[in-house]
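Q: Please take a close look at one part of this model: the charged side chains and how they pair. Short sentences will do, with enough context to place each residue.

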2 protein chains.
Amino acid sequence: MSGDWRADKRARTRARIQEAALELFLEQGFDATTVARIAERAGVSHMTFFRYFPTKEDVVLQDGYDPMLEEMIRSRPAGEPPVTRIRTAVRDGLALVYDADRDALLARTRLLLSTPGLRAGLWENQEGTQRLFERALGGPDADGRSPLRVRAAAAACLAALVTALTAWVEGDGAEPLPDLVDEAFDALRAEFG
Amino acid sequence: MSGDWRADKRARTRARIQEAALELFLEQGFDATTVARIAERAGVSHMTFFRYFPTKEDVVLQDGYDPMLEEMIRSRPAGEPPVTRIRTAVRDGLALVYDADRDALLARTRLLLSTPGLRAGLWENQEGTQRLFERALGGPDADGRSPLRVRAAAAACLAALVTALTAWVEGDGAEPLPDLVDEAFDALRAEFG
DNA sequence: TTTTTTGTGTTAGTCAATAACATGTTACTG
DNA sequence: CAGTAACATGTTATTGACTAACACAAAAAA
């Protein structure tokens, strides 16, 4: 088989570029770091960089959390109200990353939220997450929910998630992230109930 | 006084650039239109373009709706629940633009939502709108609402607004926009109640 | 009139992103 | 094993957004 070999190498090159980029971004800031410099540190040419990541922003934006989130939503009891399933899955999924990698998550999220260019890309990137929520809301037990209703609820869940992340970063990670997620979802229940 | 004369001329130049840009964007698409071409049609140099708009995206993104929205929120009865005030203000404010300028609003919104670069900038731009909602929620009668709760609710309102706009564009403007805003807010009440 | 302010143009530059083409390296095939 | 196809990477050149430096003109203020 050939794929194994190549896929492995590809994955390693990809990781090397991503690490080099994150280091440089944290050292000098996103805007002050050129793609050429990242490529240099990763030991590749700037063209190779763009073959792995379509834009400079994507090096930071691509997190692979969606599959895990989807799994966590699926594993929730079927009877639960959809929004609750999403809420719990988000809280517990984030808790996993939080426990394993708190500091890295904090640094990356701070970078993401404090750099205008990256913030903008964030929402673009989370279109995937929104559709994931829509599937959870409009799936099997979508009792008469209109598409608009499904989308509005999914967008609100995403808003809660991002709000929690923002508050977490602004408090410098003092409060436990999962608690903030809970608070954000509670806020929507209280305000829209 | 000097300012009057100058301010007028500035405003006219600004409007000329914005019109030229919108025309070209609708004719050829956002990406296919260069700043140089916009400047040419507006009769200015490309440097002048950037003196009026910091980025190419800002020509489309800058709508001046926030002051009107703020006024409409303020003019709501004080006893009303904050989310209802926002909801009504958004619906009625949008209805004003809708009645006066439906086709232009549709074209501009479609352009905004269908161009990746502009979509990304949308959220960045609406940070102002979100803070406006936060003022409405956390203002005088913020009975024990935590900052996080205020922000989560404001973000959800914004999500409802954008969801309604998206649905409106996707349906090619068939449904009246104000109705969609109502539906989106109803969805949140139903889903989070 | 002189001086300063303000708006604009010109020119030259940086940097992200794309395209075209060359090269080396690994995998298949006879 | 020779040869060829497939793939990853590099080199070079180009476009286009955006910035900085400096020059110039016209109107405002002195």
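A: The overall build comes before the charged side chains.

This is a predicted model, in which local features need pLDDT of at least 70, side-chain atom pairs count only at pLDDT 80 or more, and totals for chains, interfaces and linings use all residues. Residues are numbered from 1 along each chain as its sequence is written, chains are lettered from A and ligands numbered from 1 in the order in which they are written, and side-chain values use heavy atoms, without hydrogens or water.

Chain A has 10 helices and zero strands. Both are DSSP runs numbered from the N terminus (helices: H or I, at least four residues; strands: E, at least two). The C-alpha trace of chain A spans about 55 × 45 × 30 Å along its principal axes. Chain A has 193 residues, and 48% of them are buried. Buried means under 20% relative accessible area, exposed over 50%, and partly exposed in between (1.4 Å probe, protein chains only).

Now the pairs. Over all chains, the whole structure holds 40 salt bridges. Each one is a side-chain nitrogen of Lys or Arg within 4 Å of a carboxyl oxygen of Asp or Glu.

Start in helix 2 (residues 35–42) of chain A. Arg37(A) and Glu40(A) both sit there, three residues apart, about one turn of the helix. Their side chains form a salt bridge at 3.6 Å, N to O. Arg37(A) is partly exposed, at 31% relative accessible area. Glu40(A) is exposed, at 55%.

A second pair joins neighbours in sequence. Arg91(A) bridges to Asp92(A), with the closest N and O atoms 2.9 Å apart. Arg91(A) is partly exposed at 23%, and Asp92(A) is partly exposed at 26%. This pair belongs to a network of salt bridges that also links Arg87(A), Asp182(A), Asp186(A) and Arg189(A).

A third pair is Arg151(A) with Glu170(B), where the closest N and O atoms are 3.2 Å apart. Arg151(A) lies in helix 9 of chain A and Glu170(B) in helix 9 of chain B, so this salt bridge joins two chains. Glu170(B) is exposed, with a relative accessible area of 56%.

Some charges gather on the surface instead. Arg6(A), Lys9(A), Arg12(A) and Arg16(A) form a positive surface patch. Patch residues have over 30% relative accessible area and no salt bridge; like charges are joined within 9 Å, nonpolar side chains (Val, Leu, Ile, Met, Phe, Trp, Tyr) within 5 Å. Arg16(A) belongs to helix 1 (residues 3–28) of chain A. Arg16(A) is partly exposed, at 40%.

The region around Arg37(A) also carries a record. UniProt, in an unreviewed entry, places the feature "DNA-binding region" at residues 34–53 of chain A. Such annotations may be inferred rather than shown by experiment. The end C-alpha atoms of that span lie 14 Å apart, and the span is 75% helix and 0% strand. Phe49(A) lies in helix 3 (residues 46–52) of chain A. Phe49(A) is buried, with a relative accessible area of 0%. Phe49(A) and Thr13(A) are 36 residues apart in sequence, yet 9.5 Å apart in space, C-alpha to C-alpha.

One more acidic residue deserves a look. Asp172(A) has a positive phi of about 60° although it is not a glycine. Asp172(A) sits in the loop between helix 9 (147–170) and helix 10 (177–192) of chain A. Asp172(A) counts as exposed, at 51%. In chain B, Asp172(B) has a phi near 60°, and Asp172(B) lies in the loop between helix 9 (147–170) and helix 10 (177–192) of that chain.

How values were computed:
Areas by Shrake-Rupley, 256 points an atom, 1.4 Å probe, with all protein chains shown as cover. Lys, Arg positive; Asp, Glu negative; His and termini not counted. Charge placed at Lys NZ, Arg CZ, Asp CG, Glu CD.
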